[in-house]
Each structure stands twice: as structure tokens, then as C-alpha cells.
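Reader: I am new to this structure and would like to understand how its descriptions are arrived at. Could you take me through them step by step?

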Amino acid sequence: MPKLVLSMDGLVLKELPIVKERTTIGRKPDNDIQIDNLAISGHHAVITCITNDAFLEDQNSTNGTYLNGQQVKKNVLRNNDVIELGKYRIKYIVDDAKPGLAASEMIDSVALKPFQMPGTMVDAEIATDVGLSGTQAAPAAGAVTGVIQVLSGGNAGRELELTKSLTTLGKPGRQVAVITRRPHGFFITHVEGASFPLVNGKAIDAQARPLRDHDIIELAGVKMEFFLRA
């Protein structure tokens with residue numbers, strides 16, 4: 001289980017296991033991590049966890065949020081990253097860190113080249129149009145598989161099976177979301193962009209939204225349908 005270690009001047013003040021999808025940091029008492037210091041905004045930053053990935057997002061704080069010495073607005077967290085808020089430090093630690101493709105690398109790969117699923121050229125064409133990436137093993141045989149069908153653009157009608165436990169969709173710098181496969185279904189979560197993805201014509205919020213059979217997703221100018229295939 002990942003955890004956060006809060007310290008100041010080398011003195012550890014608190015250790016907090018990450019057990020929620022969203023962990024808030026700020027001066028006000030309603031935050032998960034309250035730092036009672038005037039240099040810290042009331043709601044300073046948020047850490048969002050999606051399966052094995054975590055994202056740090058500044059909440060328009062007055063003094064900014066720094067990660068490993070660099071000011072950031074939104075950034076993927078990796079094992080042993082250090083978040084800096086004024087004189088305070090929060091270290092992100094993944095106890096069971098495993099080798100693999102980090103979420104930031106997945107997003108970068110969308111910008112550099114489309115992720116190609118093993119299979120036909122149809123898959124590669126969909127990835128080029130929508131912007132997709134994924135990692136981790138395929139589900140067990142016989143399990144229900146989620147499918148994305150492109151409804152608009154040059155690749156309308158193409159399909160791509162969501163055989164990865166985490167799939168990144170969208171266009172970096174414009175709008176990015178992830179679809180995660182969990183034991184109890186598929187969920188879509190906003191990652192990047194001023195506007196949130198639409199599901200059935202309504203914008204999702206910051207929480208992971210469960211996807212249901214035949215939901216319509218609109219993301220980065222592309223309309224897609226999610227459905228389940230046995």
C-alpha cells in the first residue's frame with residue numbers, strides 16, 4: 001500500500017497510508033493532510049490514486065506545489081518522489097513498487113507514437129485516431145471484456161478491446177483520461193485538461209465514474225461507445 005510521509009527540516013511529522021482515491025492537502029481542517037501554516041493554501045493540492053498509479057495536482061495554490069524541486073500543476077507520482085509545500089516535504093512511497101511502464105511514460109507515448117494492441121492494423125488505426133495506451137496483463141480467459149468503438153472521425157466504426165488493466169485515452173495538453181479495469185467493472189477518470197470528459201452528454205467529476213454497457217464517451221473531440229463483450 002502506498003503511503004505519504006510528511007516532514008519538516010528532516011523531522012518526520014506524520015505517516016499516512018493512501019486508502020482513498022483522493023487525498024487532499026491544505027491548511028483547512030477538512031483536508032486529509034492538514035498543514036497549519038500560512039504558506040499553505042486552504043486547499044493546496046490533491047493526490048488522486050487510480051489502481052497502481054497516482055497523480056499530484058495543484059489546486060491553484062498561492063505559493064505553488066513543487067515536485068522534486070520543480071513547480072508543477074499536475075504530474076504523475078513515482079516511488080520516492082518528494083512533494084514540496086513551503087518548508088514541508090511529503091514523500092510518496094510505494095512499498096511494493098514493481099517494474100513496469102509508469103503512467104507518465106504511457107501519456108508520453110501517446111504524444112510520440114500510438115499504442116498498438118497486438119493484433120490487426122484496425123487496432124493501430126484506432127489508437128492513432130483516439131490516442132490510447134495501456135499496461136499490465138490481460139484479464140483471465142472467459143471474463144467479460146470492455147470494448148471501445150469509435151463513433152466519430154476518420155476511424156468511425158473501428159473497435160478496440162480494453163484488455164489492459166489501465167488504458168490511457170486522449171491527447172496530452174488537451175484532454176486525457178484513463179479507463180481502469182477493476183474486479184467490479186470498468187471506470188473512467190479525468191487526468192488532464194481544463195474540461196472533463198463527457199459520458200452520455202454529462203461531464204464526469206473528479207471521482208472515478210463507473211462505465212455501463214453502451215455508455216457514450218466524448219473525449220478530445222472524439223466520440224466513442226463503451227460496451228461489454230462476453
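Author: Let us begin with a turn, keeping in mind that this is a predicted model. Strands β21 and β22 form a hairpin with two residues between them, and in that turn alanine 220 has a positive phi of about 50°.

Reader: How do you know that β21 and β22 pair?

Author: Two strands pair if at least two bridges are found between them. Strand β21, residues 215-219, is joined to β22 by five bridges in the antiparallel sense, so the requirement of at least two is met. One of the partnerships can be named: glutamate 218 has lysine 223 in β22 as its bridge partner.

Reader: Which other strand is joined to β22, and by how many bridges?

Author: Strand β13, residues 145-150, runs antiparallel to β22, residues 222-229, and six bridges join the two. Within this pairing, isoleucine 148 stands opposite phenylalanine 226 in β22.

Reader: Why is aspartate 215 called buried?

Author: Buried means under 20% relative accessible area, and aspartate 215 has 6%, so it counts as buried. This residue is found in strand β21, and residues that it touches, leaving aside those up to four places away in sequence, include Val199, Asn200, Arg209 and Pro210, as well as Met224, Glu225 and Phe226. Its C-alpha is 7.0 Å from that of phenylalanine 227, although twelve residues separate the two in sequence.

Reader: What makes the approach of arginine 212 to aspartate 215 close enough for a polar contact?

Author: The cut-off for such a pair of N or O atoms is 3.5 Å. The backbone nitrogen of arginine 212 lies 2.8 Å from a polar atom of the aspartate 215 side chain, so the distance is within the cut-off.

Reader: What joins the side chains of glutamine 149 and glutamate 159?

Author: They are joined by a polar contact of 3.5 Å. Glutamine 149 lies in strand β13, and among the residues it touches, not counting those up to four places away in sequence, are Gly157, Arg158 and Glu159, together with Lys223, Met224, Glu225 and Phe227.

Reader: What makes arginine 182 count as lying over the face of phenylalanine 187?

Author: For a charge to sit over a ring, CZ of Arg has to be within 6 Å of the ring centre and within 35 degrees of the ring normal. Arginine 182 is at 4.5 Å from the ring centre of phenylalanine 187, and it is listed as lying over the face of that ring.

Reader: Where is methionine 1 placed, and why is it called exposed?

Author: Methionine 1 belongs to the segment before β1. Exposed means over 50% relative accessible area, and methionine 1 has 52%, so it counts as exposed. From C-alpha to C-alpha, methionine 1 and valine 19 are 8.0 Å apart in space, while they are 18 residues apart in sequence.

Reader: Why do β2 and β8 count as edge strands?

Author: They belong to an open sheet of six strands in the order β2-β1-β11-β10-β7-β8, where the pairing is antiparallel. Strands β2 (11-17) and β8 (70-72) each have a single partner strand, so one side of each is left without a neighbour in the sheet. On average, neighbouring strands of this sheet are turned by 30° against each other, direction ignored. Between β1 (residues 3-8) and β11 (residues 88-93) there are six bridges in the antiparallel sense, and leucine 4 stands opposite tyrosine 92 in β11.

Reader: Which strands form the open sheet with mixed pairing, and which stand at its edges?

Author: That sheet has five strands in the order β4-β3-β5-β6-β9, and its edge strands are β4 (33-34) and β9 (74-77), each of which pairs on one side only. Strands β3 (residues 22-26) and β5 (residues 45-50) are antiparallel and share four bridges, with threonine 48 in β5 as the bridge partner of arginine 22.

Reader: Is threonine 24 buried or exposed, and how do you know?

Author: Threonine 24, placed in strand β3, has a relative accessibility of 18%, so it counts as buried, the cut-off being under 20%. A polar contact of 3.4 Å joins its side chain to that of asparagine 31.

Note on methods: Residues are numbered from 1 along each chain as its sequence is written. This is a predicted model: local features need pLDDT of at least 70, side-chain atom pairs count only at pLDDT 80 or more; totals for chains, interfaces and linings use all residues. Side-chain values use heavy atoms; hydrogens and water are left out. Axes are lines fitted to C-alpha atoms, for helices over the stretch in contact, and angles run from 0 to 180 degrees between N-to-C directions. Buried means under 20% relative accessible area, exposed over 50%, partly exposed in between (1.4 Å probe, protein chains only). A polar contact is a pair of N or O atoms within 3.5 Å; within protein, one must be able to donate a hydrogen and the other to accept it, and residues adjacent in sequence count only if both atoms are side-chain atoms. Contact means heavy atoms within 4.5 Å.
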